[in-house]
Amino acid sequence: MKILFIGDIDALSGRQAVAKLLPQMKGDRQIDLVIANAENLDGLGAREVHIRQMQEAGVDIFTSGNHIWDDPDITPLIQKEDSPLLRPANYSVGTPGTGARLLSLSNSKKVLVINLMGRVFIPQSFDHPFFKFDEIMEQFKGEEPDIVFVDFHAEATSEKRAFGFYADGRATAVVGTHTHVPTADAQILPKGTAYITDVGMVGAKDSVLGLEKEAVIEFFKKEASVKTLVGKMSPNEAEFSAVLIDIDDATDQAKSIELICQ
Ligand SMILES: [Fe+2]
Ligand SMILES: [Fe+2]
């Protein structure tokens, strides 16, 4: 079976690119499951209307990250028991929503989708993502998932690679998100886990991580607060960055991982 994972979908230009490209890609490449990171659907945060638009385009389930609470409109959706939107599992106890969901696909495969947040160079506080992964694996052991898919949303390449090796042989795939820049290390790790440090984004091509480049240059020149960048999403046409993971139907092992950038 094939899983497509789409990197952080960023604002209007990102949403438009997904709506334009995904329906045909899903058919042409015979994709069984589409997972996308939704933390920037509305630039900073996401709105329920955008989640619905992306579902119509073909996304089945959404992961997120540190920006998911920036738009309070999203909280009721995250709180729903069958919500299509996950938030990182290692937010502290009491945070609304869940960071792990077991999906039963029409091809009879059970896919456990896990969303975790790294801690290096991240200002907010999170529980330990490595131990949270162990905890979730133990929690779902009785359900016997065929495939375990992890979106590890983190800033530091070292933390993401270390987690990839930590989960190697236990997760079917570990993909990194958050930096919005794809890395050139898509690979199958020694014990069989499909891995990439960062998938990249679906967001404005001529931009800095989806933001207007002029505003970001000023931000760095003045060493200003990040707040000065609010509302500075670039309207430019989007690049589309995703990974396609091919999984052997007999063994449930990842056969390949391909970075798709267009
Ligand atoms: Fe992001
Ligand atoms: Fe992020």
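In this predicted model, N40 is in contact with D8, I9, D10, A11, H67 and G210, once its neighbours within four places in sequence are set aside. The residue is located in the loop that lies between strand β3 (33-37) and helix α2 (48-57). N40 has 31 C-beta neighbours inside 10 Å and therefore counts as buried, the threshold being 20 or more.

N40 also belongs to a set of annotated positions. An unreviewed UniProt entry places the feature "binding site" at D8, E39, N40 and H180. These positions are spread over 173 residues of sequence, yet they cluster in space, with a largest C-alpha distance of 11.4 Å. Within this set, H180 is found in the loop between β8 and β9 (187-188). H180 is likewise classed as buried, because 23 other C-beta atoms lie within 10 Å. Leaving aside residues within four places in sequence, the contacts of H180 are D8, G200, M201, G203, L209 and G210. D8 and G210 thus appear among the contacts of N40 and also among those of H180.

A further "binding site" feature is placed by UniProt, again in an unreviewed entry, at E39, N66, H153 and H178. Here too the positions cluster in space although they are spread over 140 residues of sequence; the largest C-alpha distance is 10.1 Å. E39 is listed in this feature as well as in the one that includes N40. N66 is found in the loop between β4 and α3 (75-79), and with 21 C-beta neighbours inside 10 Å it counts as buried. Not counting residues up to four places away in sequence, N66 touches M117, I122 and Q124. H178, in turn, is placed in the loop between β8 and β9, the loop that also holds H180. With 27 C-beta neighbours inside 10 Å, H178 is buried. Residues touched by H178, beyond those up to four places away in sequence, are G65, H153, A154 and E155; of these, H153 is itself one of the annotated positions.

Strands β3 and β4, which border the loops of N40 and N66, also take part in a sheet. This open sheet has five strands in the order β4-β3-β1-β13-β14, and their pairing is mixed. Strands β4 (61-63) and β14 (254-261) stand at the edges; each has a single partner strand, so one side of each is left without a neighbour in the sheet. On average, neighbouring strands of this sheet are turned by 20° against each other, with direction ignored. In general, the strands of a sheet pair through backbone hydrogen bonds, in either a parallel or an antiparallel manner. Strands β1 (residues 2-6) and β13 (residues 241-247) run antiparallel and are joined by five bridges. In this pair, I6 stands opposite A242 of β13.

Helix α5 (residues 157-167) has buried residues at E159, K160, F163, G164 and A167. These residues cover an arc of only 140° around the axis, and they are therefore on the same side of α5. The elements that cover the buried residues of α5 include α4 (129-139), β7 (147-153), β8 (173-177) and β10 (194-196). Just after the helix, G169 takes a positive phi of about 90°.

Terms used: Residues are numbered from 1 along each chain as its sequence is written. Chains are lettered from A and ligands numbered from 1 in the order in which they are written. This is a predicted model: local features need pLDDT of at least 70, side-chain atom pairs count only at pLDDT 80 or more; totals for chains, interfaces and linings use all residues. Two strands pair if DSSP finds at least two bridges between them. Helices (H or I, at least four residues) and strands (E, at least two) are DSSP runs, numbered from the N terminus. Axes are lines fitted to C-alpha atoms, for helices over the stretch in contact, and angles run from 0 to 180 degrees between N-to-C directions. A residue is buried if 20 or more other C-beta atoms lie within 10 Å of its own, exposed if 12 or fewer, and partly exposed in between; C-beta atoms are placed from the backbone. The arc is that of the directions from the helix axis to the C-beta atoms. Two residues are in contact if their C-beta atoms, placed from the backbone, lie within 7 Å. UniProt positions are given in the numbering used here, feature names are shortened, and annotations may be inferred rather than shown by experiment.
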